Amino acid sequence: MWYELGLTIFGQKIAYTELFGQVLALAVVFLAQRRSLLTWPVQLVSVALLFTVYASAHLGGLATRQIVVGLIAVYGWYAWVRRRDPVFGVVVRKGSWLERSVVAGVFVAGTVAFALVLDWLHASWAPWPDAAIFVGTVLAFALQGLGLVEFWLVWLAVDAVGVPLQIQSGLYFSALVYVVFAGLVIHGFVDWNRTARRLTQAAKSPL
């Protein structure tokens, strides 16, 4: 099939869809750190390519994730267009303790529920990490669309689960990309946290 075409590096076959899909996914993190509106259209192209990769690897959670992320990308694009700031770009903020608690609860409950669904449907050979990555990704992009700094921390959790799963799936290039993701995510968290602090200070400053 066309989506199986690729190249071999160090004895490992890498499909072009995986290669370009993951490179664009890296670009999404880079663009998100800079709060660029290009984040979302690039994301849409990435999820289209990666859907074919994960579907062919029999990772139903990761394949379904691409569809949901695509829908969230449309919302995120719309939300960021409406929430622009002439000085700081996209308006970002830190979540409240209540919001953080809700995110943590949804992450855990969503992972359990979706893992049971994947297992029941025999849609994944690794339902628990597959489900955790799915739920974490959906949460991360939803929080990113809302401009919450904590979405970077959710991404770190996704990376921690994703690296070993990609290796076990034989998707070595994707595993490497996840490692690079982690570095970009940490840098993005620091940058967004700094911007949120400046926005808070600006809001408190007298006119």
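**Figure 1. The whole chain, with its 7 helices and 4 strands.** This is a predicted model. Reading from the N terminus, the elements go β-β-α-α-α-β-β-α-α-α-α. The protein has 207 residues, and 47% of them are buried. Take the contacts between residues at least 6 apart in sequence: 69% of these join residues at least 24 apart. As for the outside, the accessible surface adds up to about 10400 Å², and carbon and sulfur atoms account for 72% of that.

**Figure 2. A close look at helix α1, residues 16-33.** From first C-alpha to last, the 18 residues of α1 reach 26 Å, close to the 26 Å you'd expect at 1.5 Å a residue. Plenty of side chains to pick out here: the buried residues of α1 include Leu19, Leu26, Val28, Val29 and Leu31. Polar residues turn up in the buried set too, among them Thr17, Glu18, Gln22 and Gln33. Gly21, Ala25 and Ala32 are also buried. Just past the end of α1, look for Arg35, which takes a positive phi of about 55 degrees.

**Figure 3. Thr39 and the residues it touches.** Thr39 belongs to helix α2, which covers residues 39-56. Is Thr39 buried or exposed? Its relative accessible area is 0%, so Thr39 counts as buried. Leaving aside residues up to four places away in sequence, Thr39 touches Val28, Leu31, Ala32, Trp80 and Gln144. Val28, Leu31 and Ala32 should look familiar from the previous view, as they are buried residues of α1.

**Figure 4. A nonpolar patch on the surface, made by Val108, Val112, Leu116 and Trp128.** Together these residues show about 390 Å² of accessible area. Helix α4 (residues 97-121) gives the largest share of the patch, with 3 residues. Trp128 sits in helix α5, residues 127-146. With a relative accessible area of 46%, Trp128 is partly exposed; that's because partly exposed runs between the 20% and 50% cut-offs.

**Figure 5. Aromatic pairs, starting with Phe151 and Trp192.** The whole structure holds 10 aromatic pairs. In the one formed by Phe151 and Trp192, the rings are 4.9 Å apart centre to centre, with 65 degrees between the planes, an edge-to-face arrangement. This pair links distant parts of the chain: Phe151 is in helix α6 (residues 151-168) and Trp192 is in helix α7 (residues 172-204), 41 residues apart. How accessible are the two partners, Phe151 and Trp192? Phe151 has 1% relative accessibility, so it counts as buried, and Trp192 is buried as well, at 0%.

Now swing over to Tyr178 and Phe181: their ring centres are 5.8 Å apart and their planes meet at 70 degrees, so this pair is edge-to-face. Tyr178 and Phe181 both sit in helix α7, 3 residues apart, or about one turn of the helix. An α-helix has 3.6 residues a turn, so residues three or four places apart point the same way. Both Tyr178 and Phe181 are buried.

**Figure 6. A cluster of rings built from Trp40, Trp80, Phe141, Phe151, Trp152, Trp155 and Trp192.** Ring pairs hold the cluster's members together as a linked set. Phe151 and Trp192, the edge-to-face pair from the previous view, both belong to this cluster. Trp80 is in the cluster too, and you've already met Trp80 as one of the residues that Thr39 touches.

Technical notes:
Residues are numbered from 1 along each chain as its sequence is written. This is a predicted model: local features need pLDDT of at least 70, side-chain atom pairs count only at pLDDT 80 or more; totals for chains, interfaces and linings use all residues. Side-chain values use heavy atoms; hydrogens and water are left out. Helices (H or I, at least four residues) and strands (E, at least two) are DSSP runs, numbered from the N terminus. The expected span of a helix is 1.5 Å times one less than its number of residues. Buried means under 20% relative accessible area, exposed over 50%, partly exposed in between (1.4 Å probe, protein chains only). Contact means heavy atoms within 4.5 Å. Patches are made of residues with over 30% relative accessible area and no salt bridge: like charges are joined within 9 Å, nonpolar side chains (Val, Leu, Ile, Met, Phe, Trp, Tyr) within 5 Å. Accessible areas come from the Shrake-Rupley method with a 1.4 Å probe; for residues, only the protein chains shown count as cover. A salt bridge is a side-chain nitrogen of Lys or Arg within 4 Å of a carboxyl oxygen of Asp or Glu. Rings of Phe, Tyr and Trp (its six-membered ring) pair if their centres lie within 6.5 Å; planes under 30 degrees apart count as stacked, over 60 as edge-to-face and the rest as tilted.
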